[in-house]
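This report describes a ligand site and two features of the backbone. Please consult the sequence and the structure while reading.

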Amino acid sequence: MDGKENNGVNGSNKVGIPKCCLKARVFDPELEANCHSTVVSGWFSQPPTSFDGKEKVLYFNNPMWPGEAHSLKVEKVLFKGKSEFQEVLVFESASYGKVLVLDGIVQLTEKDECAYQEMIAHLPLCSIKSPKKVLVVGGGDGGVLREISRHSSVELIDICEIDKMVIDVSKKYFPDLAIGFEDPRVNLHVGDAVEFLKNTPEGKYDAIIVDSSDPVGPAIELVEGPFFAKIARALRPGGVLCNMAESMWLHTHLIQDMISICRETFSSVHYAWASVPTYPSGVIGFLLCSTEGPFVDFKHPVNPIEKLEGALQHQRELKFYNSEMHEAAFALPCFLRREVSGLRDSPRSAGSGVKI
Ligand code: SPD
């Protein structure tokens, strides 16, 4: 078999199947993979792989995540589809419940989604008093909305997700996350966040949460300077951004770049992290930034979740986040401190104390 065979994704015979899909076809025609969503002999592996048909060797050569792979045993593939933007896969795993995969990368599993969604939502919202207007960029599965809903001070939750297929798939397969869309404060905008932000009145939001996929494919623009400038413009003075910021073990340079860009744009920039076993290297980071204005003490929540009426139980019990986890999330290992310490003296932050 060579890469020229004409067996397309989703069973059509019109599109040439890329080399990276061949392994799946060799081993399990039933679970024939899309380009990125590789299921081989009943195991899903991320990152996306390529397969040397001659040598029968599988290469894990994804530039975001070179030289390693993580596998989950697949009980059943529940959905495979290709939207205008990306490949979407849902499968039932043997040990993490249902799993949502976009372009071959795990976005969430039922078992550990709590860590990511709770932290990305409550780190910013518990750092300011009485958040009222919140924007979510991405987050089409609804999990972050579910978490924002715990905050009764919030009056408006806008969400801008580019891919309707993610929303539809979540409503069908992940009702415990998609429940977030049922909150009457939620306004859904399906479209490009960059365009959405262009049309957003200046200073509209108290908090913006960027729950994106990795910066390849549709999310590439979301780690660039112009995007952060638009975010800062849409925030009120002393407003906060929480941005998904990858793994400190794997993406130090990307994190440095993001911090560097954000320090040009925001008056304070911090890095926090949490353990999420099914993400690359088992951790995920969050960039927390505030605009010029009232001081935001990210490390010590002024709006502790334990004191918000009904928040601990709203829709479902909190599983991961609490005020101690909040404070602990900002403790950085020595190597990361060293890697990011050179960035402390950026023009906007010089003389304003330790930011990272
Ligand atoms: N490396 C995977 C990062 C995924 C971040 N987005 C997850 C979406 C969950 N709401």
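Proline 47 is placed in the loop between strand S2 (43-46) and strand S3 (50-52); strands (E, at least two residues) and helices (H or I, at least four) are DSSP runs numbered from the N terminus. The peptide bond that joins glutamine 46 to proline 47 is cis, with omega at about 5 degrees. The model is a predicted one, in which local features need pLDDT of at least 70 and side-chain atom pairs count only at pLDDT 80 or more, while totals for chains, interfaces and linings use all residues. Residues are numbered from 1 along each chain as its sequence is written, and side-chain values use heavy atoms, with hydrogens and water left out.

A second backbone feature concerns glutamate 246, which has a positive phi of about 55 degrees although it is not a glycine. Glutamate 246 belongs to the loop between strand S13 (235-244) and helix H8 (252-265).

The ligand is surrounded by a shell of residues that includes Ile105, Gln107, Tyr116, Asp211 and Pro280, where near is defined as having a heavy atom within 4 Å. Domain 1 (39-107) and domain 2 (112-343) both contribute residues to this shell, so the ligand lies between them. The domain bounds come from an automatic or database domain assignment. Strand S8 (105-109) and helix H2 (113-125) each supply at least two shell residues, and S8 gives the most, with three.

Polar side-chain atoms of three residues are paired with a nitrogen atom of the ligand, as tabulated here; a polar contact is a pair of N or O atoms within 3.5 Å.

| Residue | Distance to a ligand nitrogen atom |
|---|---|
| Glutamine 117 | 3.1 Å |
| Aspartate 141 | 2.6 Å |
| Aspartate 214 | 2.9 Å |

The protein covers 98% of the 340 Å² of accessible area that the ligand has on its own, by the Shrake-Rupley method with a 1.4 Å probe.

Terms used: Polar contact = N/O pair within 3.5 Å; in protein donor to acceptor, adjacent residues only side chain to side chain.
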